[in-house]
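Hi,

Here is the structure I promised to send over. Have a look at it first, and my notes follow underneath.

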Amino acid sequence: MTGKLPLPGLFLAALAALGLAVAGVSLPLVGAVVLVWIGSLWLTLPEPELAEIRVDKAEVTRDAVREAIESLGAPLLVLEGTRIVMANAAARAALGAHVQGQDARIALRHPDAMRLLDMADGDSVTIPGFTGTRSLWQLTRRRIDKQRWLIELADRTTEADVSRAHTDFVANASHELRTPLASIIGYVETLEEGGPAVDAEAQKRFLGIVLREARRMLSLVEDLLSLSHAEAEKHDHPTEPLDLGKLAARVVGEVASLRGKEQVQLVAAADGAVVAGDSTQLEQLLRNLIDNALKYGGADSPVEVSVAAPQANTIELAVTDHGPGIAPEHLPHLTRRFYRTDPGRSRASGGTGLGLAIVKHIVERHRGKLDITSTLGEGTRVTVSLPKTELAALS
C-alpha cells in the first residue's frame, strides 16, 4: 500500500499555529486547533493504490494438470490444438520422451490416431500395431477445457493375447475331441448297418478301434479337467510338507510294476527332500513326465528318475530319457497346449498334447522352476526345481 503526505497543508497548519501563539492564544488551544487541522487533511487524502499482482491462470492450471497426471499408471497426453504439451511418465515410457512438445500428427503417426484428433469428447479408436507388431492400444479423447484435450492410452495387448489364446484353445480342444468322436461314430454306424463284410473278425477289430478312440477321448477330457484345476489353483500355494523322495520312490515302484523295472528306475533319492506341496498334483506331474519319457525315449534304455538337493534351499526332481532327443527349435514351445513335435506319433501313442502344459501350471503353483534340455541322438532331461521346506515343519 502507498500514499503521499499532505506537505502543503502541514506547512499551513504550522504557520497558523505560530500566528495564534503570537496573538497570545493559549498553547493548549493552539495544539487542539493544529490537531483538528491535520486530521482534516488526512481525511481528504485519496485512497491508497494497491500494487497489481498478475496471475497467469493458464500457467497455474497447466502446472496442476501436470502434477495430477505425472504419477498415474496409465499413459496420458495433454494436447493444445494438435501439439502435445504434456506427456506423463507412463506415456513417455510407452512412446518415448521426444513426444512431449511434438505435433500429435507426427508423434502418433497412425491414421486412426489422426482421425481421433477430430473426434468428439469421449470417442475412442483401437489401433493394432501401435507400438509393436503384436501390440493393441485403445486411445480415448477427453476434453479438459476450450483449448486442451486429454488423450488416454490403454494397452490392450495382454487382453487380446488372452482372448486369442482362449479362442485357439477352444478350437484345438474341439478338433482333438472331434477326431476320435468321428471315428467312433463311423465304426458304430458300420457295425449297425452290418452286411456281409462285417463278419465276427471285423466286428472285433471295429470294436477295438471304438474302445481305443473312446479311451483317447476320456484321456483328453481328464487332461482338460486337470489343466483347468491347475490353472484355477495357480495362485493358491500349497503349505503341506511333502517328502518328494518318498513320493518319487512310490510312483516309480508302481510304474515299474506295470511296465517292468527295465523301463523306469529311481537312480537317486535325497534324504529329507521336503517341499511344501500338493501330493496329488506332484504325483500327476511325475507320472506325466515319466509317461512322456516312456513314449518318446529309447526302447532299450530305462527312464531315470532322481531327487536331489543341489542347494541348501532347493529340491530338484529330474526325469531323463535316452531317446532321439528334441530339436532346439521345439524346446521353447513344449509347454504350449496341444503342441506336438511329431503329431502323428503323439496321437498314435495316445498323447493329448496337454501333459507338459499341466506340468508347467503345477510347477508355477508350487513356486518352482521348469527346465527342459535335450540333445539330438542322446535324449531329453526335464528338471523341476522346488523350494525346500524344513523338516521341522512336518511336526
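What volume does the second largest cavity have? About 30 Å³. A cavity here is a set of points, on a 1 Å grid over the protein atoms alone, where a 1.4 Å probe fits but cannot get out, and lining residues have an atom within 4 Å of a point. Grid points are joined across faces, edges and corners, and the volume is the space filled by probe spheres set on the points.

Before the rest, some housekeeping. This is a predicted model, so local features need pLDDT of at least 70 and side-chain atom pairs count only at pLDDT 80 or more, while totals for chains, interfaces and linings use all residues. Residues are numbered from 1 along each chain as its sequence is written, and side-chain values use heavy atoms, with hydrogens and water left out.

Back to the cavities: the structure holds two of 30 Å³ or more. The second largest is lined by Leu244, Leu247, Ala248, Leu282, Leu285, Leu286 and Leu317. Helix H9 (244-259) and helix H10 (279-296) are the elements that give two or more residues to that lining. Helices (H or I, at least four residues) and strands (E, at least two) are DSSP runs, numbered from the N terminus. By class, the lining has seven nonpolar residues, no polar and no charged ones; Ala, Val, Leu, Ile, Met, Phe, Trp, Tyr, Cys and Pro count as nonpolar, Asp, Glu, Lys and Arg as charged, and the others, Gly among them, as polar.

For the overall picture, the protein chain has twelve helices and twelve strands. Of its 395 residues, 35% are buried (under 20% relative accessible area with a 1.4 Å probe, protein chains only; exposed is over 50%, partly exposed in between). Among contacts (heavy atoms within 4.5 Å) between residues at least 6 apart in sequence, 57% join residues at least 24 apart.

The largest nonpolar core has 43 residues, and Ile290 and Val305 touch the most other members. Such a core is a set of buried Ala, Val, Leu, Ile, Met, Phe, Trp, Tyr and Cys residues joined through side-chain atoms within 4.5 Å. Beyond its neighbours within four places in sequence, Val305 is in contact with residues including Ala248, Leu286, Ile290 and Leu317. There is also a second, separate core of 21 residues, with Ile84, Ala91, Leu117 and Trp137 among them.

H12 (355-365) is worth a look too. This helix is largely enclosed by the rest of the structure, because nine of its eleven residues are buried. Those buried residues, including His361 and Arg365, pack against H8, H10, E11 and E12. After H12 comes Arg367, with a positive phi near 55°, in the loop that leads to strand E11 (369-375).

Arg109 also has a positive phi, near 65°. Arg109 sits in the loop between helix H5 (104-107) and helix H6 (111-116), and it is exposed, with a relative accessible area of 68%.

Last, Gln100, in the loop between helix H4 (89-95) and H5. Is Gln100 buried or partly exposed? Partly exposed, at 37% relative accessible area. Gln100 and Met86 are 14 residues apart in sequence, yet 5.7 Å apart in space, C-alpha to C-alpha. Not counting residues up to four places away in sequence, Gln100 touches Ile84, Val85, Met86, Ala87 and Arg92.

Cheers

How values were computed. 1 Å grid on protein atoms, 1.4 Å probe; cavity = no way out; pocket = protein on both sides within 12 Å on 5 of 7 lines; lining within 4 Å.
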